[in-house]
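Got your viewer open? Let's take a walk through this model, one selection at a time.

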Amino acid sequence: MSQINDNLFGMHTQALGLWQKRAEVLASNLANADTPGYLARDVDFRKALADASGASEKLAMTATAPGHVDASTQAADQLAYRVPLQPTMDGNTVDTQVEQSSFAANSVHYQASLSFITAQIRMLRTAITGGQG
């Protein structure tokens, strides 16, 4: 079924999960803007999407037994620390303006992927029903 989704929706199914993960990370950064010593984190979207789609230059790992860890889900969980523009005296690296801007841009990307998937489903429904209701 995953192969069918990949053919119908392209990278958008994987991108949705990554956009959601990034929204959670950015929201966490904003929630901890006043926490001393908190280090802002972010998702390297391009790297995570390349790893999830198998387009990375690394050798692909395969789970050969039920207990093995799925490498594609681990790639999406890797977070990087954000380099602060102006570190604070208490060691917190969250810049609320940067985080809010990133959160807004991330929301636009998430909505764009969701709109593409919705349009594809609508097109398929029209093709199946022949435009009837």
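The tour below goes from the whole chain to two helices, then to a charged network and a patch on the surface.

**Before you click**

This is a predicted model, so local features need a pLDDT of at least 70, side-chain atom pairs count only at pLDDT 80 or more, and totals for chains, interfaces and linings use all residues. Residues are numbered from 1 along each chain as its sequence is written, and side-chain values use heavy atoms, with hydrogens and water left out.

**Stop 1: the whole chain**

Show the protein chain as a cartoon. You should find five helices and two strands. (Helices are DSSP runs of H or I with at least four residues, strands are runs of E with at least two, and both are numbered from the N terminus.) Starting at the N terminus, the order is α-α-β-α-α-β-α.

Now switch on the surface. The protein chain exposes about 9,100 Å², and carbon and sulfur atoms supply 58% of that. (Accessible areas come from the Shrake-Rupley method with a 1.4 Å probe; for residues, only the protein chains shown count as cover.) Of the 133 residues, 23% count as buried. (Buried means under 20% relative accessible area, exposed means over 50%, and partly exposed is in between, with a 1.4 Å probe and protein chains only.)

How much of the contact comes from residues 24 or more positions apart? Among contacts with a separation of 6 or more, such residues account for 77%. (A contact is heavy atoms within 4.5 Å.)

**Stop 2: helix α2**

Select residues 12-31, which make up helix α2. α2 has 20 residues and reaches 28 Å from its first C-alpha to its last, close to the 28 Å expected at 1.5 Å a residue. (The expected span is 1.5 Å times one less than the number of residues.) Its buried residues include Leu16, Trp19, Arg22, Leu26 and Asn29.

Zoom in on Asn29. Is Asn29 buried or exposed? Asn29 counts as buried because its relative accessibility is 0%. Beyond residues up to four places away in sequence, Asn29 touches Tyr38, Ala40, Arg41, Val94 and Glu99. Show the side chains of Asn29 and Glu99 and you'll see a polar contact of 3.0 Å. (That's a pair of N or O atoms within 3.5 Å; within protein, one must be able to donate a hydrogen and the other to accept it, and residues adjacent in sequence count only if both atoms are side-chain atoms.)

**Stop 3: helix α5**

Next, select residues 96-129 for helix α5. The 34 residues of α5 should span 50 Å at 1.5 Å a residue, and the end C-alpha atoms are 49 Å apart, which agrees. Just after α5 comes Gly130, with a positive phi near 70 degrees.

Which residues of α5 are buried? They are Glu99, Ser102, Asn106, Ser113, Ile117 and Gln120. Try clicking on Asn106, with 1% relative accessibility. Leaving out residues up to four places away in sequence, Asn106 touches Trp19, Arg22, Ala23 and Leu26. Then move to Gln120, at 18% relative accessibility; setting aside neighbours within four places, Gln120 is in contact with Leu8 and Phe9.

**Stop 4: a charged network**

Select Arg22, Asp42, Arg82 and Glu99 together: they are linked in a network of salt bridges. (A salt bridge is a side-chain nitrogen of Lys or Arg within 4 Å of a carboxyl oxygen of Asp or Glu.) Side chains of opposite charge can pair when their charged atoms come close.

- Arg22 and Asp42 form a salt bridge, with their closest N and O atoms 2.7 Å apart. Arg22 is in helix α2 and Asp42 in strand β1 (residues 41-42), 20 residues apart.
- Arg82 and Asp42 meet at 2.7 Å, N to O. Arg82 sits in the loop between β2 (80-81) and α5, so this pair ties together parts that are 40 residues apart in sequence.
- Arg82 and Glu99 meet at 3.3 Å, N to O. Glu99 is in helix α5, so here the linked parts are 17 residues apart in sequence.

Check the burial too: Arg22 is buried at 13%, Asp42 at 13%, Arg82 at 17% and Glu99 at 0%.

**Stop 5: out to the surface**

Finish with Leu8, Leu124 and Ile128, which make a nonpolar surface patch of about 270 Å². (Patches are made of residues with over 30% relative accessible area and no salt bridge; like charges are joined within 9 Å, and nonpolar side chains (Val, Leu, Ile, Met, Phe, Trp, Tyr) within 5 Å.) Leu124 belongs to helix α5 and is partly exposed, with a relative accessible area of 30%.
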